[in-house]
Every structure is written in C-alpha cells, then in structure tokens.
Amino acid sequence: MIRRAAAIVILSVGLIAAGCGDDDAGSGAELKPIDSGGPRGSIDLAQEGDQITGTIRLAGLEPGSAHAAHLHGEPGGEFSCSGEKTSAHLINFPDLVADDEGVAELSVEITAPPETLRGGTYVMAHENPRTMGEVASEAVVVEPGTAIMMAMENPPIACGDVPAGS
C-alpha cells in the first residue's frame, strides 16, 4: 500500500514538473489572474525570424465562454503586467474559447515582424470576445505602435509578461 501511494505521488510530481518546467524553445510564462481567484494559465510562445508559434492556455473560465487575447507592446518600449501598460496591440490573437471544463487552449502560428515577441511585451486576456456577438477566429498583426480602442468595455482577466530572450 505504501509503495503504491509513493508511486502515485512520484508520478503526480513528475507530471506536474513536466507541465511546469522551463522550455528553452519558448517563453514559458505564467498567465496570472488580474483578480484573486480569477482564471490563470500559461503562454508558451517562441519567435524564430518572422514566425511565432506556441500555445496560450487559460483555465478557470465559464464553459463555452470566449475571451479576447492580445500581445501588447510598442517598438523599443518596456511594458509589463505589473508596471507600465500600453493600449498598443502588436497581435490580436484568435479569441480563447473555453471547453466544457472551462479551459481554453489556443495554438498559435502567425507571421509577424522579427522581434515582435520579446521582453517588454505582454499577453493580456479579456472578459469578453474581441467583437461583441462573434468569436474572432483569425490572428491579426497590428502595425507597431497602433493603439486599439475597444468599442465596448472589456476588462482584463489575466496577464503574462513575455520574458526577455523569447
């Protein structure tokens, strides 16, 4: 009985470590809730040349709900979730759509200018979809430094800084 319990603990710790370990190929950053107890997840994005690939995952959502997600930043600017923020979007990702368990996972594959994904940028997820009444399914690269004004109130629910060297 003790061996079986120990094996379960070791397996569980191994699975947790595998899911949370550093990934040299991507940012491996945490998507932290804005409010205590809010949704949380991860961003694991990498850029090679003009190609950005990876995943954005957010858990703790209402099943079936859709949420806008953006890469915020400006050329040469240093912004963060806990510091100075910007309304400028570099990429509008497809909306995150929660499954029956309240988990949204988005695979990202997009062409963007080199060094779009870098330290000083951050991913922000919002309460509502990008456009009220519809789910955005396409990623859009925004001209650097362009401020995006939302036509509706769309408060942030989670944020994750992109580490330097991503």
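Two strands pair if DSSP finds at least two bridges between them, and both strands (E, at least two residues) and helices (H or I, at least four) are DSSP runs numbered from the N terminus. The views below come from a predicted model, in which local features need pLDDT of at least 70, side-chain atom pairs count only at pLDDT 80 or more, and totals for chains, interfaces and linings use all residues. Residues are numbered from 1 along each chain as its sequence is written, and side-chain values use heavy atoms, with hydrogens and water left out.

**View A. Strand 4 meets strand 7.** Here residues 66–72 (strand 4) and residues 122–126 (strand 7) are joined by four bridges in the antiparallel sense. To find your place, look for L71, which stands opposite V123 of strand 7.

**View B. The surroundings of H126 in strand 7.** H126 counts as buried because its relative accessibility is 10%, where buried means under 20% relative accessible area, exposed over 50% and partly exposed in between (1.4 Å probe, protein chains only). Leaving aside residues up to four places away in sequence, H126 touches H67, A68, H70, H72, N154, P155, P156 and I157; contact here means heavy atoms within 4.5 Å.

**View C. The whole sheet, nine strands in a row.** Follow the order 6-3-2-1-9-7-4-5-8 across this open sheet, whose pairing is antiparallel. At the edges you will meet strand 6 (103–111) and strand 8 (140–141), each of which pairs on one side only. As a reminder, strands of a sheet pair through backbone hydrogen bonds, either parallel or antiparallel.

**View D. Strand 1 and its two partners, strand 2 and strand 9.** Strand 1 (residues 29–33) pairs with strand 2 (residues 40–48) over three antiparallel bridges, and L31 stands opposite G41 in strand 2. These two strands make a hairpin with six residues between them, and in its turn G37 has a positive phi of about 85°. Strand 9 (residues 156–161) runs antiparallel to strand 1 and is joined to it by two bridges; there, P33 stands opposite A158.

**View E. The one disulfide of the structure.** A disulfide is a pair of cysteine sulfur atoms within 2.5 Å, and here C81 is joined to C159 with an S to S distance of 1.9 Å. The pair links distant parts of the chain, 78 residues apart: C81 is in the loop between strand 4 and strand 5 (89–97), while C159 is in strand 9. The link of C81 and C159 is left-handed, with -80° about the S-S bond. Are its cysteines buried or exposed? C81 is buried, with a relative accessible area of 19%, and C159 also counts as buried, at 5% relative accessibility.
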